[in-house]
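Biologist: I should be grateful for a close look at a single part of this protein, namely its second largest pocket. Please describe its lining, and then set it beside whatever else the model allows one to say.

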Amino acid sequence: MSSAAEFRHDPYAALRVPAYRRFLTGNLVSTIGQQMQTVAVGWELYERTGKAITLGGVGLAQFLPMLLLTLPAGSIADRYDRKRIVMIAVAVSLLASFGLAFVSASHGPVMLVYACLVLTGIARGLQMPARQALLPQLVSEEQFPNAVKWSSNAFQLSAMLGPALGGFIIAAFHSATPVFVVNVVATLFYLAVLATVTLKRFVPSSKGFSLSQVLAGVGFVWRTKIILASISLDMFAVLLGGATALMPVYAKDILKVGARGLGWMEAAPAIGAFLMTLALTQLPPIQKAGKTLLWAVIGFGLATIGFGFSTWFPLSLVMLGLLGALDSISMVIRSTLVQTLTPDDMRGRVSAVNGIFIGTSNELGGFESGVAAEYLGAKIAVVGGGIGTLIVVGTVAWLFPDLRRYGKL
């Protein structure tokens, strides 16, 4: 029998908090700009070089500074004002966006593009732990799972609109420069909105800044097997199944749909994810979270294989939509587990560990896909990655039986 709390389920609970609404709006606009920029960077680099490995370099340039900074940034987020940290990181991101716009407009050296991406990686490494740890300061504990769903929904909406808008602008102006300019404006808006957001007070960690404190989040994740299993599953699945990094190759050389088609391809996963997370916000908490997570990643691997084999544009869009829908289930479950199972004074450091796993899967996965495509071909790289994802699911399910048995989210 359903509990009284389930009968009172409010799908808009987090949206009733003004501070959360402002934060969500600013983050949405900023992420739309970042997603547009991602399309523009990939398109410009592939147009100028014609080499898939340059797309892999995009992920590597951002991953290395994130790897170095994220753990220390997590410890900083547990000791200092999290909003101020996020604002500093956004300011660094703004500088990188200005740089990309200038390099694109002046047709500067490709290496300067990578230098700006390194700066973007620094901003992301600094911002990620503080931003994730910020969420519990915006809403109550009861509203938090709903806030995770709406944050995921906003991200997917931005990932849906951003690539499509980026592709349309590139096609209309025959240049990526206007896209970078739009991202500068979007980042400025986010910075202004952040300044108006009021947070609930949190009690900072009283322990000194030391290597043991920086690594405390790693120790907590290692001891909390449910968190370790969920983020490991996500990391290896996306690392191997990184089909999205090769979209410019598919758009230009395999499907032959150009910049406009690339925009739709980049948007398709987010469309699927947006529809899925919208459905999740309307439903009560997931009852069998562990099994749901495993089945979602199995579906992710199968959809990756389907996209890899497809030479028909509509089918490719459907496969990409399924990728996004299934990945959104994984993201909601993982994010909720990480934040609800972590004490408040450790959320920054644990979010940092989670951020490294995410960065490894997204950015290093893009590098892996680019290298594999350069030497084996894009199709083999994508299909092989999908098969690898299925192997990862079986391995994680065997190593972490508690994940299979995990119940209500």
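Modeller: In this predicted model, helix α14 gives the most to the lining of the second largest pocket, with four residues. Helix α14 covers residues 313-340, and α6, which covers residues 144-173, likewise supplies at least two residues of that lining. The volume of the pocket is about 330 Å³. Its lining has 20 residues, and the closest to the centre are Glu 141, Phe 144, Gln 339, Thr 340 and Arg 347. By class, the lining of this pocket divides into nine nonpolar, five polar and six charged residues.

Enclosed space can be considered next. Rolling a probe the size of a water molecule over the atoms shows where empty space is left. The structure holds four cavities of 30 Å³ or more. The second largest cavity contains about 40 Å³ of space. Helices α2 (18-49) and α4 (82-106) each supply at least two residues of its lining. The residues lining this cavity are Val 41, Glu 44, Leu 45, Leu 100, Val 103, Ser 104, Val 113 and Phe 180. Six of these lining residues are nonpolar, one is polar and one is charged.

Val 103, one of the residues lining that cavity, is also touched by Gly 108. Gly 108 lies in the loop between α4 and α5, the latter covering residues 110-134. Leaving aside residues up to four places away in sequence, Gly 108 touches Arg 48 as well as Val 103. Gly 108 counts as buried because its relative accessibility is 10%, whereas the cut-off for a buried residue is under 20%.

Helix α10 offers a check on geometry. This helix comprises the 16 residues 225-240, and at 1.5 Å a residue it should span 22 Å; its end C-alpha atoms are 22 Å apart, so the model agrees with the expected span. Helix α10 is also mostly covered, as 13 of its 16 residues are buried.

Finally, confidence. The pLDDT averages 82 over the protein, and 90% of the residues score at least 70. Among the elements, helix α7 (residues 177-194) has the highest mean pLDDT, 94, and helix α1 (residues 4-7) the lowest, 44. Over residues 1-7 the pLDDT is below 50, and this stretch has three contacts in the model beyond near neighbours in sequence. Where pLDDT is low, the predicted coordinates should not be read in detail.

Key: Residues numbered from 1 in each chain as written. Predicted model: local features only at pLDDT ≥ 70, side-chain atom pairs only at ≥ 80, totals over all residues. Heavy atoms only, no water. Expected span 1.5 Å × (residues − 1). Buried < 20%, exposed > 50% of the residue type's maximum accessible area, 1.4 Å probe, protein only. pLDDT = per-residue confidence, 0-100. Contact = heavy atoms within 4.5 Å. 1 Å grid on protein atoms, 1.4 Å probe; cavity = no way out; pocket = protein on both sides within 12 Å on 5 of 7 lines; lining within 4 Å. Points joined across faces, edges and corners; volume = space filled by probe spheres on them. Nonpolar A, V, L, I, M, F, W, Y, C, P; charged D, E, K, R; others polar.
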